[in-house]
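User: Please take a close look at the strand pairing in this model, and then follow the chain from the sheets to the ligand site. A connected account, residue by residue where that helps, would be most useful.

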Amino acid sequence: MSTAPATVEGPETVIDVHHLTKSFGGRKVVDDVSMSVKKGRIHGFLGPNGSGKTTTIRMLCGLLTPDSGDGTCLGFDILTQSDRIRRRVGYMTQKFSLYQDLSIRENLEFVARVYGLPDARGKAKAAIERLGLKGREKQLAGDLSGGWKQRLALGACILPEPALLLLDEPTAGVDPQARRDFWNEIHALATDGLSVLVSTHYMDEAERCHEIAYIAYGKLLVQGTVDEVIEGTGLVTWTVSGPDVHHLQTELSKQPGIDMIAPFGLSLHVAGHDETALEQAIAPYRDRSGFKWEKGEATLEDAFIDLMGRSQDNFR
Ligand SMILES: Nc1ncnc2c1ncn2[C@@H]1O[C@H](COP(=O)(O)OP(=O)(O)O)[C@@H](O)[C@H]1O
Ligand SMILES: [Mg+2]
């Protein structure tokens, strides 16, 4: 009768898509993207604006048909079973999509009714408690701060008890404390077995993901754990601090052997792929008075700056 997978638990791989490609107006905005997300994992989706994250997310849940490529989401075919997928996926879009002139409670009850959930009132009440919105039930959604709005949107997403959350830049423009709270909640949900694909621009958020994927110009450049991604770039990094690192940066950036150089507060990260060439490049500067050089591990941000630099070269 049903074409659904027989397992009660659901598949261990909740997103498994291959070679997704999509063009708009003759321009490829997603190019041969394959992605895999495991059950109960938080998978971060990173990349600059316009790199194809939202388009990919929409293809994953069957909202948008790829030009080519295929795969499954929660075990359902993304090309033919989008109805089944949508019923089990909570999708939080980039724009706040609840009613600004309804209160928190009214919004949640409305969502519960749209999904035809039994006991809409009780469900809304439970969501309010879970997300720490108690005492604010009567506030209008439109009057909430960015952080509370996102909390409410998350509450609406999890009401129908989805198996997978697709969160599209859920914390863009939200203050750091609210972002931390939001992430604590995402981790709590993942611990309860929910799988999460979340796009973000924030490096600290990327570091809180079990795995990350990085996309630029429609192409998936890397995928793996934070450590795997850093290791994969093969960067050797030195940190230098001193009185005028800005000046030093200008000088160093002309040296061959240095592939990436970026300021971090009062210090510079100087990195290269060839350890010997890098050390030769910095040697003349090592004795300069006032500067302190330290060899360190590349950070995720170093890895992304490097990846971006290389992908731009590829597209020039
Ligand atoms: N419906 C559409 N029609 C035409 N172009 C689109 C459409 N949706 C997205 N694009 C373009 O595709 C590219 C990728 O967009 P998007 O997936 O939204 O990237 P991201 O979410 O990473 O910022 C952008 O250049 C965007 O302008
Ligand atoms: Mg987007």
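Analyst: In this predicted model, Asp-168 has Ser-199 of β8 as its bridge partner. This pair belongs to the contact between β7 (residues 164–168) and β8 (residues 195–200), which run parallel and are joined over 5 bridges. Both strands are part of an open sheet of 6 strands, arranged in the order β6-β7-β8-β3-β9-β10 with mixed pairing. At its edges stand β6 (89–92) and β10 (219–224), each of which pairs on one side only. From one strand to the next, the twist averages 15°.

A further open sheet contains 4 strands in the order β2-β1-β4-β5, and here the pairing is antiparallel. Its edge strands are β2 and β5 (76–77), each with pairing on one side only. Within the sheet, β1 (residues 13–24) meets β4 (residues 68–73) in the antiparallel sense over 5 bridges. Two residue pairs illustrate this register: His-18 has Asp-70 of β4 as its bridge partner, and Thr-21 is matched with Ser-68 of β4. As a general point, side chains in a regular strand alternate between the two faces of the sheet.

On its other side, β4 pairs with β5, again in the antiparallel sense, over 2 bridges. There Cys-73 stands opposite Phe-76 of β5. The two strands form a hairpin with 2 residues between them, and Leu-74, in the turn, has a positive phi of about 55°.

The edge strand β2 leads on to the ligand site. Both β2 (27–38) and α1 (53–60) supply at least two residues to the shell around ligand 1, and α1 gives the most, with 3 residues. The residues that surround ligand 1 are Phe-24, Arg-27, Val-29, Pro-48, Asn-49, Gly-50, Ser-51, Gly-52, Lys-53, Thr-54 and Thr-55. Phe-24 falls at the end of the β1 range, whereas Arg-27 and Val-29 fall within the range of β2. Lys-53, Thr-54 and Thr-55 fall within that of α1. By residue class, the shell divides into 3 nonpolar, 6 polar and 2 charged.

Several contacts to oxygen atoms of ligand 1 can be specified. A backbone N or O atom of Gly-50 lies 2.7 Å from one such oxygen atom, and a backbone N or O atom of Ser-51 lies 3.2 Å from an oxygen atom of the ligand. From α1, Thr-54 contributes through its side chain, with an N or O atom 2.8 Å from a ligand oxygen atom. The protein covers 61% of the 570 Å² of accessible area that ligand 1 has on its own.

With respect to the overall division of the chain, domain 1 spans 13–230 and domain 2 spans 235–297. The residues listed around ligand 1 lie within the bounds of domain 1, as do β7 and β8 and the paired strands β1 and β4. The C-alpha centres of the two domains are 39 Å apart.

Technical notes
Residues are numbered from 1 along each chain as its sequence is written. Chains are lettered from A and ligands numbered from 1 in the order in which they are written. This is a predicted model: local features need pLDDT of at least 70, side-chain atom pairs count only at pLDDT 80 or more; totals for chains, interfaces and linings use all residues. Side-chain values use heavy atoms; hydrogens and water are left out. A residue is near a molecule or strand if one of its heavy atoms lies within 4 Å of it. A polar contact is a pair of N or O atoms within 3.5 Å; within protein, one must be able to donate a hydrogen and the other to accept it, and residues adjacent in sequence count only if both atoms are side-chain atoms. Accessible areas come from the Shrake-Rupley method with a 1.4 Å probe; for residues, only the protein chains shown count as cover. Ala, Val, Leu, Ile, Met, Phe, Trp, Tyr, Cys and Pro count as nonpolar, Asp, Glu, Lys and Arg as charged, and the others, Gly among them, as polar. Domain bounds come from an automatic or database domain assignment. Two strands pair if DSSP finds at least two bridges between them. Axes are lines fitted to C-alpha atoms, for helices over the stretch in contact, and angles run from 0 to 180 degrees between N-to-C directions.
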